[in-house]
Each structure stands twice: as C-alpha cells, then as structure tokens.
Amino acid sequence: MSSRKYSYYLLVSGFLLLLMGLLLPVTAQEETAEPVLEATEEAAPPEQPVSDEAAENDGNYCVICHAGADQVHTLADGTQIDLQVNPEDIAQSVHGTANPEGALSCTDCHGEDAFPHDGKLPASERVLAVQSIEMCSQCHTEQATELADGVHAAGLVHGNLRAATCADCHGSHDIQSLKDQPQAVAAICGDCHVSVYDEYQESVHGQALLVNNDTNAPACTDCHGVHGIITPPPRSRVIAPRNCVPAAMPTKT
Ligand code: HEC
Ligand code: HEC
Ligand code: HEC
Ligand code: HEC
Ligand code: HEC
Ligand code: HEC
C-alpha cells in the first residue's frame, strides 16, 4: 500500500480523531490492573497519555480504550470496524499464556508505534486484513515466504483484495491452531470459494470428511497445500479429474 494513498485519509481522520476523542467513552479503567490513562475530557487522546513504564511493560495499556463495548469506527470506504478487543481472546489463543515464549502484547503485532494513532487509518476492512500479513510475518517468516509465492499473495499484489490473508484463515485476536482440523479448514476456504465448497460437500470425499468425519478422506489442503497454494496447472485437470488423484497436485507443502 503506498503511503501516498493515505494522505487524504490522514487529513480526514485528523478530524475523525478529534470527533472520536469526544465520543469514545474511556470506561475500561476498572478492568486494568494499573490504569495509566485518566478519563480525558480533551477533544483528542492526549499526546503522552501513557507512562514510559507502561509502554515498556507490554503495550496492554491499549485496552484502556479498546476494551469498551459499542465503539465502532467508520473507515473511508464506509465499512465499520468494531474497536472492542477482549484481552481474554488473546489470553486463550495460541499467543496467550500457553505460548511457551510468553503471551504476546498488543504492540507485538500492531507495532511499538501503534499509539498515539497518527491518523493513518486503513481505507477499508480489506486493507486492514491485508495489513495482517506484515504483522504476522514479523515472527512467522516461513509461512509468510510460502504465502508470498502463492496465488493468494499474487492476487493481492495485483489488486484483488478479496484474496486470502493470514487473518482471513487464522483470525486476529482469537487464533487457534488449525492443525488436524480439516473440517474447520474446509469451512474457512468455503467462505470464499463457495461453489467449490458446495461441489466438494457433495463429492464422495466431502461426504466422508464432512458428514462421516472420516479424516482419511482428502481435504482441501491435502490436494492444494496450505500457504503456498497455486493455480492448479492445466495438466492437473487432465491427469487428475477433480476429487481423484491428490498426488498429482504439485503443491503439497
Ligand atoms: C486514548 C484511547 C486509545 C488508546 C490508548 C489506543 N487506542 Fe487504538 N483507537 C482509538 C480510537 C478512538 C480509534 C479509532 C480510529 C482513530 O480515531 O484513530 C482507534 C483505532 C485503532 C485501530 C484500528 C485502526 C487502525 O489504525 O488500524 C487499531 C488497530 C488500534 N486502534 C490499535 C491500538 C493499539 C495496538 C493500542 C496500544 C498500543 C491502541 N490502539 C491504543 C483509541 C485508542
Ligand atoms: C497476534 C497478533 C495481534 C495481537 C497480539 C493483537 N492484534 Fe489487534 N489485530 C490484529 C490483526 C491481524 C488485525 C486485523 C484484523 C482483521 O483484518 O480482521 C487486528 C485488528 C485490531 C483492531 C481493529 C478492529 C478489529 O478488531 O478488527 C483493533 C482495535 C485492535 N486490533 C487492537 C488490539 C489491541 C488493543 C490488542 C491488545 C489487547 C491487540 N489488537 C492485539 C492482530 C493482533
Ligand atoms: C511476536 C511474534 C509473533 C507474532 C507477531 C505472531 N505470532 Fe503466531 N506465534 C508466535 C509464537 C511464539 C507462537 C507459539 C509457538 C509456535 O507454535 O510456533 C505462535 C503460534 C501461532 C500459531 C499456532 C501454531 C501451531 O502450531 O498451530 C498460529 C496459527 C499463529 N501463531 C499464527 C499467527 C498469525 C496469523 C499472526 C498474525 C495475526 C501471528 N501468529 C503473529 C509468535 C508470533
Ligand atoms: C478471503 C477469501 C479466501 C480464502 C479464505 C481462501 N481463498 Fe483461495 N482464493 C481467493 C481469491 C480471491 C483467489 C483468486 C486470487 C487471484 O488470482 O486474484 C483465490 C485463489 C485460489 C486458488 C487458485 C484458483 C485459480 O483458478 O487460480 C486456489 C486453488 C485456492 N484459492 C484455494 C484455496 C484454499 C484451499 C483455501 C483454504 C485453505 C482458500 N483458497 C482460502 C480467496 C480466498
Ligand atoms: C488460505 C488459508 C491460510 C492463509 C492465507 C494462511 N494460513 Fe497459516 N495455516 C492455514 C492452515 C489450514 C494451517 C494448518 C496446516 C496443517 O494442517 O498443518 C495453517 C498453519 C499455520 C501455522 C502453524 C505451522 C504450520 O505451518 O503448520 C502458522 C504459524 C501459520 N499458519 C501462520 C500463518 C501466517 C503468518 C500467515 C500469513 C503470512 C498464514 N498462516 C496464512 C491456513 C492459512
Ligand atoms: C482430491 C483433491 C482435491 C480436493 C480434496 C480439493 N481440490 Fe480443489 N482442485 C483440485 C484439482 C485437481 C483442481 C483443478 C482441476 C479442476 O478445476 O477441476 C482443483 C481446483 C480448485 C480451484 C480452482 C478452480 C475452480 O473451480 O475455482 C479452487 C479455488 C479449489 N480447487 C479450491 C478447493 C477447496 C476450497 C477445497 C475444499 C473445500 C478443494 N479445492 C478440495 C483438487 C482438489
């Protein structure tokens, strides 16, 4: 995304920031162990509302504003995002307290400079989802590299923002492992590939997997791979009639 695109939104969101400062209730203090931000009557979030100590700690001061319900923000294209984030979702995710390397904080994904917000809002929900690739790639370089070589990333690069990003398949704050969950994965792919999913569901493999929970039946990723999915080459249509010979697919990763 070129930063030039944002210059307009920068201007607009400057005004929105002023507005939101007035409208956003800062109500979540009692839920935070160490409230570092006083409820502010100022028009915009104060420039230095957070002590250096808290910032160094973990970045979880973000929830002072983001734990509150009923806060929606309208992006430039008219879509709305819900600003509420439940820290419990993260705690119970793969990145939570069970994470052998310690729970992630907000800034591990959103960046140390996530706050104060500088007005560079994503233009749409899809742009926000695309930003997940950069966030997750900071740590998961292997999957990021595979994705970059596949058809979904190619689509994004060519401006097809409907193509799959990390957050589309994994979620953002409530991420759970997708290993050994072919049914759930089929549903995720099926969210976007509706007609293929319908066809699969009616096929003998789909019946076996989705109806009889027979995990020996080939699932989407058995034939297509996971992160490095590519366009099935023309000859796969010839050699491997649909739902027939997974081994003929070239992308098992
Ligand atoms: C003083 C209240 C406040 C604090 C503290 C705060 N935010 Fe926000 N946040 C907002 C408001 C209001 C918006 C709506 C958009 C705007 O006004 O910039 C927002 C929007 C966002 C968005 C969506 C838009 C975007 O830029 O992608 C993200 C993500 C976000 N905040 C993350 C964070 C993180 C991470 C932290 C901590 C490092 C944080 N916020 C701290 C008030 C706050
Ligand atoms: C594991 C990485 C990760 C962590 C940790 C994380 N976020 Fe996010 N966050 C994301 C991603 C990815 C998105 C974009 C979601 C999408 O496109 O659906 C997002 C979106 C958001 C948004 C926009 C509204 C929404 O929910 O889509 C806000 C606000 C936000 N995050 C705040 C926070 C706060 C506050 C914390 C800490 C309590 C936090 N995030 C921790 C990855 C993370
Ligand atoms: C600051 C580093 C960091 C960031 C950023 C991060 N992760 Fe992770 N992630 C980890 C660690 C550490 C683990 C736990 C150890 C492991 O399983 O690799 C983990 C685990 C996972 C797992 C479970 C792996 C499994 O075995 O099933 C998934 C899925 C995952 N992350 C996806 C994401 C996605 C998607 C994003 C972006 C929204 C993201 N991560 C952002 C560090 C990170
Ligand atoms: C968020 C929506 C989304 C999700 C989720 C998604 N895809 Fe896709 N997929 C797309 C889009 C859009 C394209 C077309 C990209 C382009 O070429 O512009 C695509 C392309 C493909 C292609 C290549 C099709 C062709 O004719 O070139 C295959 C194969 C594919 N996806 C399989 C999968 C599988 C398997 C999953 C689940 C593991 C999945 N997709 C999840 C949106 C999605
Ligand atoms: C098209 C859907 C899709 C997209 C896009 C996607 N993933 Fe995955 N990811 C999966 C599935 C399905 C699995 C489970 C694979 C399995 O069965 O072992 C997985 C597994 C993982 C794992 C666990 C380790 C592994 O490789 O099995 C991590 C970590 C991960 N993904 C991170 C990411 C990151 C980071 C991104 C973005 C750069 C991303 N994923 C994009 C579907 C996706
Ligand atoms: C048994 C192997 C196999 C399974 C299981 C499978 N596919 Fe495919 N898929 C193929 C082959 C081979 C092609 C190319 C030939 C064709 O188009 O018929 C293909 C084509 C595709 C295409 C591109 C062509 C189109 O019709 O859009 C998409 C997208 C796709 N599959 C997604 C999925 C999804 C999503 C699932 C799970 C619900 C899935 N596939 C399950 C083998 C498989």
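In this predicted model, helix α11, residues 194–202, and helix α12, residues 204–211, have axes that come within 4 Å and cross at roughly 85°. Two packed helices are described by the angle between their axes and the distance between the axes. Angles of 65 to 115 degrees count as roughly perpendicular, and α11 and α12 are therefore roughly perpendicular to each other. On the α11 side, the residues in contact are Tyr200, Gln201 and Glu202, which meet His205, Gly206 and Leu210 of α12. Sorted by class, this contact comprises two nonpolar, three polar and one charged residues.

The surroundings of two ligands can be described in similar terms. Ligand 4 has 21 residues around it, and those that come nearest are Gly155, Ala164, Cys189, Cys192 and Thr231. Two or more residues of this shell are given by each of α8 (151–157), α9, α10 (182–192) and α13 (220–224). Among the contributors, α10 gives the most, with five residues. The class composition of the shell around ligand 4 is 11 nonpolar, seven polar and three charged residues.

Ligand 5 is surrounded by 20 residues, of which Cys136, His140, Gln143, Cys166 and Cys169 are the closest. Here the elements that supply two or more residues are α6 (125–137), α7 (141–148) and α9 (166–170). The largest share of the shell around ligand 5 belongs to α9, with four residues. By class, 10 nonpolar, eight polar and two charged residues make up the shell around ligand 5. Helix α9 thus appears in both descriptions: it gives two or more residues to the shell around ligand 4 and also to the shell around ligand 5.

How values were computed
Residues numbered from 1 in each chain as written. Chains lettered and ligands numbered in written order. Predicted model: local features only at pLDDT ≥ 70, side-chain atom pairs only at ≥ 80, totals over all residues. Near = placed C-beta within 6 Å. Nonpolar A, V, L, I, M, F, W, Y, C, P; charged D, E, K, R; others polar. Axes fitted to C-alpha atoms, helices over the stretch in contact; angles between N-to-C directions. Parallel < 35°, antiparallel > 145°, perpendicular 65-115°, else oblique. Contact = placed C-beta atoms within 7 Å.
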